[in-house]
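Colleague: Hi! I'm new to this one, could you walk me through it?
Modeller: Happy to, let me put it on screen.

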Amino acid sequence: MELLLTLRKMDQLERAVSVADGIIVGKFFSSGYHFTMHEFNQIYSYCKAHHCKFYIAMDNFVSENEKMLMYEYFDYIDSLDVDGIYFHDLGIYDAAKSYNLVSKLIYDGKTVLCNSLDTAFWLDKGIDSVVLSRELTLPEIRTIVHNNPQKTDLQIFGHLRMSQSKRKFLTNYFREIGKEYDFLNKETLTLIEENRNDRMPILEEESGTSIYTDYIFEMFSEITSLSPYLKRGIIDTLFIENEKQIFEVCRDYKRITSQNREFIKNSLYHNYPDNYSSGYLYQKTNITKE
Amino acid sequence: MNKIELLAPAKDLMKAKIAIMYGADAVYVGGRFYSLRSRASNFSLEDLKEISTFAKKYGAKVYVTVNIIFHDDDYYGIREYLRYLDSIGIDAVIISSLALIPVVKREAPHMECHISTQLSSLNSSAVRTLKEFGADRVVLGREASMDQIEQIAKKVSVPLEVFIHGGMCSNYSGRCTLSNRMTLRDANRGGCAHSCRWKYHLFDGDKPISNPNCLLSMSSKDLRASAYIERMIRCHIASLKIEGRMKSEYYIAQVVKTYRNMIDEIYEKGTLSPQRLAYYDGELSKAENRPSNDGFLSGDCDNSRHLYGVNGAGVTHDYIAYVRDYDGKRGIATIEVKNVFSSGDVVEAFGPDLDNKRFKVEYMFDEEWQSVLLANKPTQILRLRIPFAVKEGDMIRKVSRI
């Protein structure tokens with residue numbers, strides 16, 4: 001299993017490249033990446049010079065009036081030697097076809113890729129791999145990855161994106177209450193539902209607003225049984241302020257074995273106390289209203 | 001040129017029949033499984049057969065939603081289900097699992113595959129991808145503006161379906177798991193708790209920055225696209241879709257009838273005057289239980305399109321009776337009471353072939369022909385003197401709000 005880090009800050013580039021097998025970076029049609037084009041190019045060059053794989057995130061939707069930008073972006077991507085493109089919008093598949101880049105595509109359907117049939121469907125289209133939904137239980141993940149060895153990626157650490165909207169919730173809210181506030185691209189804002197205590201990061205960008213889990217998902221106890229079947233494990237660094245924590249987690253995932261996994265997990269919990277969770281791995285979410 | 005389709009939702013058999021009687025060209029309904037509205041009554045296999053037969057008599061179509069985000073276990077029995085739907089003459093399934101396209105083509109060759117708005121198709125390239133995958137129709141995401149819809153329609157050959165009325169997800173459809181996290185109800189498998197309509201404190205670090213008297217909400221006003229119907233017809237959208245599989249028969253009847261008349265008038269006259277549009281907007285307001293606007297159609301979805309300080313929809317009590325029968329000789333209708341009304345109230349009857357007609361409630365009787373002055377028992381059967389002909393399926397509402 002390759003270990004990938006999402007790179008969110010320029011000053012983390014060198015360390016990220018030194019610990020991860022590859023990094024994921026976004027520029028257009030992605031969330032949580034705020035690099036200039038110059039920085040984006042620098043990151044690419046640094047990765048290539050240090051034999052670190054370079055993946056592009058395109059995990060947002062594309063509207064019709066952004067199509068020209070999408071094709072211009074593909075012009076640029078085509079000129080690079082990227083190792084993969086994480087995509088979300090089905091229009092990107094169409095664009096990638098015209099650049100013969102389908103084999104570089106990795107479908108990240110976020111919430112919608114939850115089963116073996118859809119996984120097989122996408123792989124049959126000639127793409128590289130798929131990212132499984134974050135809402136799957138461990139047995140569900142096992143079934144899919146065993147059926148598709150080395151063809152699936154999984155987010156293995158970080159806050160999980162819970163919602164994605166084109167609406168600008170913060171812009172609209174501050175307009176409604178008549179308050180000026182600097183919130184664009186700001187990663188320190190959180191929501192707490194009036195009858196609950198969970199603090200959920202909220203991020204508004206030009207493309208809209210996303211809300212993330214209050215907890216940091218981790219799967220140290222489970223990864224060793226899955227890693228032989230996974231193509232890539234993704235550590236998402238968004239909202240994680242402690243740089244040391246990020247890189248230690250990355251090192252831990254690299255050295256983890258079935259013998260040391262509980263020790264590693266306990267060390268993380270002890271050294272970097274945070275709100276960790278196994279997410280939905282042991283928690284089905286199919287309760288329905290009666 | 002095919003006339004644009006008016007597509008209505010239905011929670012159960014009765015509402016599906018009402019939608020068709022009031023002018024829907026097609027209805028979309030959910031079976032007891034595989035459908036996103038788990039709280040809707042939903043159709044048994046027998047109900048599906050009955051509505052298919054009923055629809056054919058009216059020249060209408062029936063689409064069945066198979067639009068949950070499938071987990072492996074959810075596929076159990078799907079092939080048999082699809083074959084059954086095909087055998088009873090269902091016209092299409094609305095799906096979000098792309099892997100179902102080849103399954104439908106193989107197991108149910110007479111049915112079309114319509115791609116659900118769950119996939120948020122928002123550009124012509126995405127629609128082309130879906131066509132390549134075998135889609136027979138694509139439901140566009142509700143985030144597209146009217147200009148973008150026109151652009152997409154110009155560039156693709158696969159029929160497009162567009163939402164024109166009803167509730168809106170505040171997030172991209174299918175990309176929201178707030179409900180999963182906060183209530184363990186899977187929003188994408190029929191359990192959405194509408195957490196987006198709740199109220200939230202906003203913090204920057206540890207500092208509260210929301211207004212305690214007006215907390216943040218993501219709640220969206222409902223969609224009303226009446227002002228865009230003419231443009232949608234002109235750019236050859238295949239189908240205009242009304243949202244609301246959880247809504248009442250009154251809502252279905254009023255909204256369907258209004259859009260039916262509006263569409264027919266546009267085809268007949270070539271356009272719709274501002275006065276006529278205002279009239280139709282007034283008609284749509286009668287069924288409204290939440291403020292509405294044009295959503296993303298005008299481009300920007302600003303704060304005027306959100307609801308702050310309101311958690312959910314209100315319930316209107318304007319719908320007072322459903323007509324079951326009419327005795328023309330005596331001028332007496334048999335009605336089923338829906339909400340409270342009394343002798344002396346001025347009310348309005350409407351129906352598939354009856355435009356709003358007012359009358360005063362004067363003579364009411366129960367089934368033993370005892371005089372009734374106050375109708376306050378929902379589902380009670382009463383006899384009501386109505387000074388003009390009505391028929392089964394017509395409805396009566398109060399005019400106080402109108």
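Colleague: How many residues does each chain give to the contact between chain B and chain A?
Modeller: Chain B contributes 64 residues and chain A contributes 53. Two residues are in contact if their C-beta atoms, placed from the backbone, lie within 7 Å. Bear in mind that this is a predicted model: local features need pLDDT of at least 70, side-chain atom pairs count only at pLDDT 80 or more, and totals for chains, interfaces and linings use all residues. Residues are numbered from 1 along each chain as its sequence is written, while chains are lettered from A and ligands numbered from 1 in the order in which they are written.

Colleague: Which element of chain B gives the most to that side?
Modeller: That is α5(B), with 6 residues. In chain B, α5 (124-133), α6 (146-155), α7 (178-183) and β8 (200-204) each supply at least two residues of the side touching chain A. Helices (H or I, at least four residues) and strands (E, at least two) are DSSP runs, numbered from the N terminus.

Colleague: And what classes of residue are on that side of chain B?
Modeller: The side of chain B that touches chain A has 27 nonpolar, 25 polar and 12 charged residues. Ala, Val, Leu, Ile, Met, Phe, Trp, Tyr, Cys and Pro count as nonpolar, Asp, Glu, Lys and Arg as charged, and the others, Gly among them, as polar.

Colleague: Back to β8(B): which strand of chain A is joined to it?
Modeller: Strand β9 of chain A, residues 189-193, is joined to β8(B) by 5 bridges, and the two run antiparallel. Strands pair if DSSP finds at least two bridges between them. In β8(B), B:Tyr200 stands opposite A:Glu193.

Colleague: New topic. What domains does chain B have?
Modeller: The domain assignment gives domain 1 (5-170 + 219-305) and domain 2 (319-398); such bounds come from an automatic or database assignment. The C-alpha centres of these two domains of chain B lie 32 Å apart.

Colleague: How many residues from each make the contact?
Modeller: Domain 1 of chain B gives 8 residues and domain 2 of chain B gives 5. On the domain 1 side, α1 (13-21) and α9 (249-269) of chain B each supply at least two residues.

Colleague: Last one: how many helices and strands are in chain B?
Modeller: Chain B has 10 helices and 21 strands. Its C-alpha trace spans about 65 × 60 × 45 Å along the principal axes.
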